[in-house]
Amino acid sequence: MENNYLASSKHVCVVLIFLISHFVTINSWQYKWNPNSYSSVQDGQKSIMYFRGKAHENDYFKVIHSEDDWMLVGARNVVHNISLTDLKQFDEIKWPADESDINVCIRKQKPKEECQNYIRVLVPKNPMDLFVCGTNAFRPRCRTYRKNSEGKYEFKGKEEEGIAKCPFDPKQNSTSIYVDDKFYSATVADFSARDPLILESDKFIRSEQYDSKWLNEPNFVSSFAKEDKVFFFFRETAIENINCGKATFSRVARICKEDQGGNVLLPNTWTSFFKARLNCSIPGNMPFYFNEIQSTTSLEEGSYRPVPNSRDRHDMIYGVFTTSENSIPGSAICAFSHEDIINTFQGQFKGQESALHNWLAVPEEKVPVPHPQECSRHSKDLPDMTLDFIKTHPLMDKAVPARGGAPILVHTSFTSRFTQIAVDWQVNSGKGRYYDIIFVGTNDGRVIKTINKGETSKIETVIIEDILVFHDHSPITNLKVYKKNSLTEKLVVMSSKDIVSIPLHRCHEKTSCHACVALQDPYCSWIENKCANSERGIQNIQEGKDDDCGPAPPMGVSKPPTTTIRHFVPQKPLVCNCEDQEKKPKTYPIDIPSRVPVNYPEMPEENQNFIDEGGRVEEIKDRTESNVTASTMAISVVVSIVLSLVIGFLIGYKVSSCRGSRNIDTPHLDRNIAIQKTKNRLSSTGENVYFNPETVNLQKPNINYVVNVTNQGKLNSSVETKPVHKSNKVYL
Ligand SMILES: *[C@@H]1O[C@H](CO)[C@@H](O)[C@H](O)[C@H]1NC(C)=O
Ligand SMILES: *[C@@H]1O[C@H](CO)[C@@H](O)[C@H](O)[C@H]1NC(C)=O
Ligand SMILES: *[C@@H]1O[C@H](CO)[C@@H](O)[C@H](O)[C@H]1NC(C)=O
């Protein structure tokens, strides 16, 4: 009986450990998605502007250049020059695909839709010349347009080959940059996309061809130039992880602008190509990685946490990362500093002794001197040893760490992922605090606005707004913050067929000081009796409330918003009726079923909370009681389990020790140990314990009782020796 008791308590222990670990795991994944405000962009508002493509076609819009108050958008057979002030078209450059190229394309079994000229590259080489490349029905071509006396761009002269400068397919992910009179492209150089490369097309220097150590099925995301280097962000199949299964990792690669290529070894090939993994993960014993980079901002001066003055700013970049497409949908935003990127490249390299070995850090003595990451104009003079090392060791050992060691924002949902990101850098929120305000687009047509309010190294995410921009849930393919002056600042949101601009903030919708402060939006503060875009009024981003607002308004006083962008108020909160949703297309997106409004309608409109059961952002502080309930529930469940276990154990112990006290000579614990020892001895004497009837009988307490009775006084030793004699007897 006692045996059973112990066994079952062990069992319960295992269950408890499982429960606790389960709870902890859920804890890091199940986060609350409770933005301070929901809204939805409605057609026909003054503050909202549209640029629509040809409705029946997919234009694959791509912003390729913007300057002052205009942007150039590459589309199907045309470049639009669009005013950023009102999204009206200034001008356009038409360039349809060549008729004969279209015929060849169709003969190659490509759909007619793709046998068009999608403009993917567009760079002003100087104030007069515009360099343009398009897919041209799977035969990439480039042109240089020149400004004529009327200020219009004209094409005269010869078309150039566009292979390796421009992708073949508008869906291929590529990037290019024009810097110091040189054109760098990261794309594929063949029809079937098997030859990825990073190319500088003037000197014609490229990455090593068909070498999976250099580039392995990459998807290029962005590029920027800084000082003497050019950086490329991409994701690729991780060669160092291939022994543990196929995985995609995110990378930053860099090359030196003045690289001339190698000589006999690595001719016309980068001698300065190195890459490192980007680490965007939820820290822990087993960090959870968001492995697939989707987009980045440009490199600017900013700070991932609020800073009081410009001294604390760094060159940095924000990126959107997701889990892989066939796993649980998760997205995250991570920040990386230029300094951390540079440091990673100054460190150790990763290498493999042979194809059968693991990928490990290369010991210092095997690394050529000077460290190969140094940029040199004399790359042709590099010794063969060094070139050989460079050719075989493009990967750095360490990953570039994310600022703050964790994502700024994590999002899990079964219906959406992050796609694009834009940042309004260093916005003054008053009280001497500057914030990087992050806008992130999703693949279901929403824009989320977020900041990190954590002033220490701990990240404390605030989700300010969740805005539905495209009612047809088109994925957002580009985001751009446009700020000329306070009158024209806006966020330009793009899908592959529409461009919309929306205001950066909706301060004026808040009609009370409390609501204004609760928004925690660095743009807004309460001044002159209204919520305005100002840094001089009442605002408290840290707490979301401020004593200067006076006493809180009585609960239940809720004013319906009267402004153009309306707050979403769920019609049927608890049950999702799909038919109803179809009838009311203007209600919120598909993932509404998982959102349960809490405390509605007692709370004022601004304090409504929606709990997304899909997950939780770890660092978000609960602001209202309703939020606390979920975690409080979980904690109380675990506490009650622990309590009942302890009480159960005590009662069980009491009962069994009462029983034990009846057979005074046999304290159950001792006996148990004795049996164990006997068993050990039996097995160590080489006899087969499992087929010995005596040893099997040892499990039964009545046998022991007999043993004990016959050996009064010398309990332990007798129990140890007796069965051995007995078993000997059986054998005799
Ligand atoms: C776009 O239009 C603006 C305004 O007319 C003009 O200043 C600019 O040069 C145009 N850009 C191109 C590349 O055509
Ligand atoms: C390009 O990137 C998008 C978004 O990450 C992805 O869905 C698509 O499959 C990629 N294109 C190719 C050709 O891999
Ligand atoms: C990534 O960062 C996390 C948290 O900072 C750390 O625990 C983990 O070891 C890092 N992973 C790699 C591959 O460097």
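**Close-up views of a predicted model**

**Figure 1. Asp195 sits in the loop between β13 and β14.** The structure shown here, and in each view that follows, is a predicted model. With a relative accessible area of 4%, Asp195 is buried. If you look across from Asp195 to Gln209, you will find their C-alpha atoms 6.9 Å apart in space, while 14 residues separate the two in sequence. The backbone nitrogen of Asp195 is worth a look too, as the side chain of Asp190 reaches it at 3.2 Å.

**Figure 2. Asp190 is a buried acid without a salt bridge.** This residue belongs to the loop that runs between β13 (182–188) and β14 (196–200). Which side chain of opposite charge is nearest to Asp190? That is Arg194, 5.6 Å away. A salt bridge needs a side-chain nitrogen of Lys or Arg within 4 Å of a carboxyl oxygen, so the pair does not count as one. What the side chain of Asp190 does reach is backbone: the nitrogen of Ala193 at 3.1 Å, and the nitrogen of Asp195 at 3.2 Å.

**Figure 3. Arg141 and Glu161 meet through their side chains in a salt bridge.** The N to O distance here is 3.7 Å. This pair links distant parts of the chain, with Arg141 in strand β9 (residues 141–147) and Glu161 in strand β11 (residues 160–161), 20 residues apart. Are the two partners buried or exposed? Arg141 is buried, at a relative accessible area of 13%, whereas Glu161 is partly exposed, at 39%. Keep an eye on the surrounding charges as well: salt bridges with shared partners join Arg141, Arg143, Glu159 and Glu161 into one network.

**Figure 4. Asp424 and Lys483 form a salt bridge between distant parts of the chain.** Their side chains meet at 2.9 Å, N to O. Asp424 is found in strand β30 (residues 418–428), and Lys483 in the loop between β34 (478–482) and β35 (490–494), so you are looking at a link between residues 59 apart in sequence. Asp424 is buried, with a relative accessible area of 4%. Lys483, by contrast, counts as partly exposed at 40% relative accessibility.

**Figure 5. Glu465 and Lys449 pair up in a salt bridge, and each of them is buried.** The closest N and O atoms of the two residues are 3.1 Å apart. Glu465 lies in strand β33 (residues 461–468) and Lys449 in strand β32 (residues 446–452), so the salt bridge ties together parts that are 16 residues apart in sequence. The relative accessible area is 2% for Glu465 and 0% for Lys449. How many salt bridges does the model hold? The count comes to 36, and the Glu465 and Lys449 pair forms one of them.

**Figure 6. Ligand 2 is surrounded by polar and charged residues.** Around this ligand you will find Lys171, Asn173, Asn219, Arg235 and Gln294. Sorted by kind, the shell holds three polar residues, two charged ones and no nonpolar residue. Where does a nitrogen atom of ligand 2 meet the backbone? Such an atom is 3.2 Å from a polar backbone atom of Lys171. Side chains take part as well: a polar side-chain atom of Asn219 lies 3.3 Å from an oxygen atom of the ligand, and an N or O atom in the side chain of Arg235 is 3.1 Å from a ligand oxygen atom. Taken alone, ligand 2 exposes 360 Å², and the protein buries 51% of that.

**Figure 7. Ligand 3 has a shell of nonpolar and polar residues.** The residues surrounding it are Asn279, Ser281, Pro283, Pro287, Tyr289, Ala399 and Gly405. Four of these count as nonpolar and three as polar, with no charged residue in the shell. Two polar side chains make good places to start looking. An N or O atom in the side chain of Asn279 is 2.3 Å from an oxygen atom of ligand 3, and a polar side-chain atom of Tyr289 lies 2.7 Å from a nitrogen atom of the ligand. On its own, ligand 3 exposes 360 Å², of which the protein buries 54%.

Note on methods. Residues numbered from 1 in each chain as written. Chains lettered and ligands numbered in written order. Predicted model: local features only at pLDDT ≥ 70, side-chain atom pairs only at ≥ 80, totals over all residues. Heavy atoms only, no water. Near = heavy atom within 4 Å. Polar contact = N/O pair within 3.5 Å; in protein donor to acceptor, adjacent residues only side chain to side chain. Areas by Shrake-Rupley, 256 points an atom, 1.4 Å probe, with all protein chains shown as cover. Nonpolar A, V, L, I, M, F, W, Y, C, P; charged D, E, K, R; others polar. Helix = DSSP H or I, 4+ residues; strand = E, 2+ residues; numbered from the N terminus. Buried < 20%, exposed > 50% of the residue type's maximum accessible area, 1.4 Å probe, protein only. Lys, Arg positive; Asp, Glu negative; His and termini not counted.
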